[in-house]
Amino acid sequence: MASTFTVDNSIAWAAYFVGNRGLALSPTEPAMTSANIVCQVMLSPPFKWRWNRNSKTFAFTSGDTSVSIPDYGFIEKAFVVATTGATANKPFEIPMVQTELTMDNGTGRPQTVAPYLDDNAGNITFRFMPGNPDVASNVTAIYQKKAVVLTATSQAWPIPDEYGYVYNWGFLSLMYLFADSQKFISANQKFTSGLLSLAEGLTEQQIAVFLGQWDFIIQNQQRFAKGVAGIQAKSV
């Protein structure tokens, strides 16, 4: 799935809908931050995309295990494979994934995994329960990659082109927000409904949490936009 559409393409498209207002002003805001917000929302939980999935295999010997995964976003699941013994080379999915775990000194096949530490330098520390394998093992973590931070409007969206109808509506909705246009409501509905229609396997609770988080983001951006408008009005 190719990603060739750039933020500049989205700016040029959106400008027609907001009366050809400048969308990259200082020199790239509010377009740059808006594009990053849309990317971060689409590539964060609860959304899981096959084109954004990756995996990392590492040895699990004992205790906490630090692994270099520079593109790590969030874990989906993990499985363990013994390298010796009667079950050698047979993968077993680790049943539970948690965000944190108490350190455990037990021994056995891992039943829970938690990527509980991130040093912000690309190293993720995994903790298991039981904390020590009964035989030498490898663990494979399947994860979603984190959103690439866009720093220039000439960059391509880190999302496949065929999803452009979703991220462009998200981008346009934020542009309408900054333009204080009532058309924001319609564009925002197109973005959220398009995004949720693409996502598979979401529970009602996950959908409700996402909509609540997105509404919080929108409210913050709305306050920011009104603050900027007020400052500009005073300077005239």
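The legends below describe an overall view and several close-up views of one predicted model.

Residues are numbered from 1 along each chain as its sequence is written, and side-chain values use heavy atoms, with hydrogens and water left out. Because the model is predicted, local features need pLDDT of at least 70 and side-chain atom pairs count only at pLDDT 80 or more, while totals for chains, interfaces and linings use all residues.

**Figure 1. Overall view of the chain, with its 5 helices and 8 strands.** Helices (H or I, at least four residues) and strands (E, at least two) are DSSP runs, numbered from the N terminus. Read from the N terminus, the order of elements is α-α-β-β-β-β-β-β-β-β-α-α-α. The C-alpha trace spans about 75 × 35 × 35 Å along its principal axes. Of the 236 residues in the chain, 42% are buried; buried means under 20% relative accessible area, exposed over 50%, and partly exposed in between (1.4 Å probe, protein chains only). Among contacts with a separation of 6 or more, 70% join residues 24 or more positions apart, a contact being heavy atoms within 4.5 Å. The accessible surface is about 12500 Å², and carbon and sulfur atoms hold 53% of that surface. Accessible areas come from the Shrake-Rupley method with a 1.4 Å probe; for residues, only the protein chains shown count as cover. There are 16 positive and 17 negative side chains, and the centres of the two sets are 4 Å apart. Lys and Arg count as positive and Asp and Glu as negative, without His and the chain ends; each charge is placed at NZ of Lys, CZ of Arg, CG of Asp or CD of Glu.

**Figure 2. Close-up of Met-32 in helix H2.** Helix H2 covers residues 31–42. Met-32 has a relative accessible area of 4% and is therefore buried. Outside its neighbours within four places in sequence, Met-32 is in contact with Val-7, Leu-150, Thr-151, Ala-152 and Thr-153. Leu-150 is 118 residues from Met-32 along the chain, yet their C-alpha atoms are separated by 7.2 Å.

**Figure 3. Close-up of two cis peptide bonds, Glu-29 to Pro-30 and Pro-45 to Pro-46.** Omega is about 10° for the bond between Glu-29 and Pro-30. Pro-30 is in the loop between helix H1 (7–17) and H2. For the bond from Pro-45 to Pro-46, omega is near 10°. Pro-46 belongs to the loop between H2 and strand E1 (53–60).

**Figure 4. Close-up of the second largest pocket and its lining.** The pocket holds about 200 Å³ of space. Its lining consists of Lys-48, Tyr-72, Phe-74, Ile-75, Glu-76, Val-97, Gln-98, Thr-99 and Pro-115. Strand E3 (residues 72–82) gives the largest share of this lining, 4 residues. On a 1 Å grid over the protein atoms alone, a pocket is an open set of points where a 1.4 Å probe fits, with protein on both sides within 12 Å along at least five of seven lines; lining residues have an atom within 4 Å of a point. Grid points are joined across faces, edges and corners, and the volume is the space filled by probe spheres set on the points.

**Figure 5. Close-up of Asn-89 and Asp-180, non-glycine residues with positive phi.** Asn-89 has phi near 70° and is placed in the loop between E3 and strand E4 (91–93). Its relative accessibility is 63%, so Asn-89 counts as exposed. Asp-180 has phi of about 55° and is found in the loop between H3 and helix H4 (183–198). Asp-180 is exposed because its relative accessible area is 65%.

**Figure 6. Close-up of Ser-173 in helix H3.** Helix H3 covers residues 164–178. Ser-173 has 0% relative accessibility and so counts as buried. Not counting residues up to four places away in sequence, Ser-173 touches Phe-184, Ala-187, Asn-188 and Trp-214.

**Figure 7. Close-up of Phe-210 in helix H5.** Helix H5 covers residues 204–235. With a relative accessible area of 3%, Phe-210 is buried. Beyond residues up to four places away in sequence, Phe-210 touches Val-41, Pro-46, Phe-47, Thr-192, Leu-195 and Leu-196.

**Figure 8. Close-up of Asp-161 in the loop between strand E8 (137–145) and H3.** Asp-161 counts as buried because its relative accessibility is 17%. Apart from neighbours within four places in sequence, Asp-161 is in contact with Ala-2, Ser-3, Thr-4, Phe-5 and Tyr-167. The C-alpha atoms of Asp-161 and Thr-6 are separated by 9.6 Å, with their positions 155 residues apart along the chain.
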